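Hi everyone, thanks for making time. I'd like to walk you through a structure that may be new to you, so let's bring it up on the screen.

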Amino acid sequence: MKALLIVDLQNDFLPGGALPAPDGKQIIPVVNKLLDRFELVIASKDWHPEDSIHFEKWPLHCLANSEGAAFPAGLEQSKINTVVLKGTRNSDDGYSAFEATNLQLNNYLAENKVDELYICGLTTEYCVKNTVLDALDANYKTYVFRDAVEAVKAKAGDEEKAWQEMQSAGASIVYSEEIRKNA
Ligand code: VGL
Ligand code: ZN
């Protein structure tokens, strides 16, 4: 079974938000199209407490229950089956969707017989990369949508480095148009 995993497509990672990927909005229509092509769709949310050590290195963003942590208005969220919350503890960054605390993502995927993960979302250098590397570690066949992932571009070169890291770890980099109906 194949599943689509949308990483942290949230207001604070979009222009106007607290920690924006400058071109993040471009992926929303691409993700909306992908939503129709998968039977199972999981979305992760960055979901931090105010006293998180995460905020020693990042501006305040994606506080639990805040508007910044909400999905953007343009996302067709009715097609999302399950939302997983990550970065919820005050003691760690929780970059990866596999660190979600409201449910064990690995168990959920096993229960749904998922063996192939198609990953999109924000941001290339942090949460997408960490989620992809954890997916590969857990032996999922892992695809990453080149045209449905965007970077925060905080440090020059990190975006390209992240793509290379994901690819050399075994991820397949694909374009959304390559994935046909009911992928
Ligand atoms: C992220 C930095 C801090 C991400 C989350 O979603 O990529 N980046 N928190
Ligand atoms: Zn965060």
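Before I count anything, a word on terms: when I say helix or strand, I mean a DSSP run, with at least four residues for a helix and at least two for a strand, numbered from the N terminus. And please keep in mind that this is a predicted model.

Okay, the overall layout. The protein has four helices and six strands. If you follow the chain from start to end, you go through β-α-β-β-α-β-α-β-α-β.

What about the overall dimensions? The C-alpha trace spans about 40 × 35 × 35 Å along its principal axes. For 183 residues, a compact globule would come out with a radius of gyration near 16 Å, and this protein has 15 Å, so the two agree. Buried residues make up 45% of the 183. And if you take the contacts with a separation of 6 or more, 75% of them are between residues 24 or more positions apart.

Now let's go inside. In soluble globular proteins, nonpolar side chains tend to be buried together. Here, the largest nonpolar core has 52 residues, and the ones with the most contacts inside it are Leu5, Ile6, Ile119 and Cys120. Which element gives the largest share of this core? That's H3, with six residues.

Let me pick out Ile6 for a second. Setting aside neighbours within four places in sequence, Ile6 is in contact with Val31, Val41, Ala43, Cys120 and Gly121.

So, on to H3, which covers residues 124-137. Of its 14 residues, 11 are buried, so the helix is largely enclosed by the rest of the structure. Among those buried residues are Tyr126, Cys127, Val128 and Leu133, but also Glu125 and Lys129. And what covers them? The cover includes strands E1 (2-7), E2 (41-46), E4 (116-122) and E5 (141-150), along with helix H4 (158-168).

Compare that with H1, residues 27-35. Its buried residues are Ile27, Val31 and Leu34. Looking down the axis of H1, they fall within an arc of 55°, so they line one face of the helix. Those buried residues pack against E1, E4 and E5.

Next up, the ligand. Around ligand 1 you'll find Asp8, Phe13, Leu19, Asp46, Trp58, Leu122, Thr123, Tyr126 and Cys127. Sorted by class, that shell has six nonpolar, one polar and two charged residues. Tyr126 and Cys127 we've just met, among the buried residues of H3.

A couple of the others have some backbone geometry to look at. As background, most residues other than glycine have a negative phi, and most peptide bonds are trans. Now look at Asp8, in the loop between E1 and H1. Phi of Asp8 is near 45°, a positive value in a residue other than glycine. Is Asp8 buried or exposed? Asp8 is buried, because 27 other C-beta atoms lie within 10 Å.

Then there's the peptide bond from Leu122 to Thr123, which is cis, with omega near -10°. Thr123 is in the loop between E4 and H3.

There's another positive phi right after H3: Asn139, near 70°. Asn139 lies in the loop between H3 and E5. Asn139 has 9 other C-beta atoms within 10 Å, so it counts as exposed.

Two last stops. First, Asn90, in the loop between strand E3 (82-86) and helix H2 (105-111). Asn90 is partly exposed, with 13 other C-beta atoms within 10 Å. Which residues does Asn90 touch, not counting those up to four places away in sequence? They are Pro49, Asp51, Ser52 and Ile53. Asn90 and Ser52 are 38 residues apart along the chain, but their C-alpha atoms are separated by 3.7 Å.

Second, Tyr175, in the segment after strand E6 (172-174). Tyr175 counts as exposed because it has 11 C-beta neighbours inside 10 Å. Leaving out residues up to four places away in sequence, Tyr175 touches Phe145, Arg146 and Asp147. Between the C-alpha atoms of Tyr175 and Leu35, 140 residues apart along the chain, the separation is 14 Å.

That's the tour. Over to you for questions.

Methods: Residues numbered from 1 in each chain as written. Chains lettered and ligands numbered in written order. Predicted model: local features only at pLDDT ≥ 70, side-chain atom pairs only at ≥ 80, totals over all residues. Buried ≥ 20, exposed ≤ 12 C-beta atoms within 10 Å, placed from the backbone. Contact = placed C-beta atoms within 7 Å. Near = placed C-beta within 6 Å. Nonpolar A, V, L, I, M, F, W, Y, C, P; charged D, E, K, R; others polar. Rg over C-alpha atoms; globule rule 2.2 N^0.38 Å. Core = buried A, V, L, I, M, F, W, Y, C linked by C-beta atoms within 7 Å. Arc of directions from axis to C-beta.
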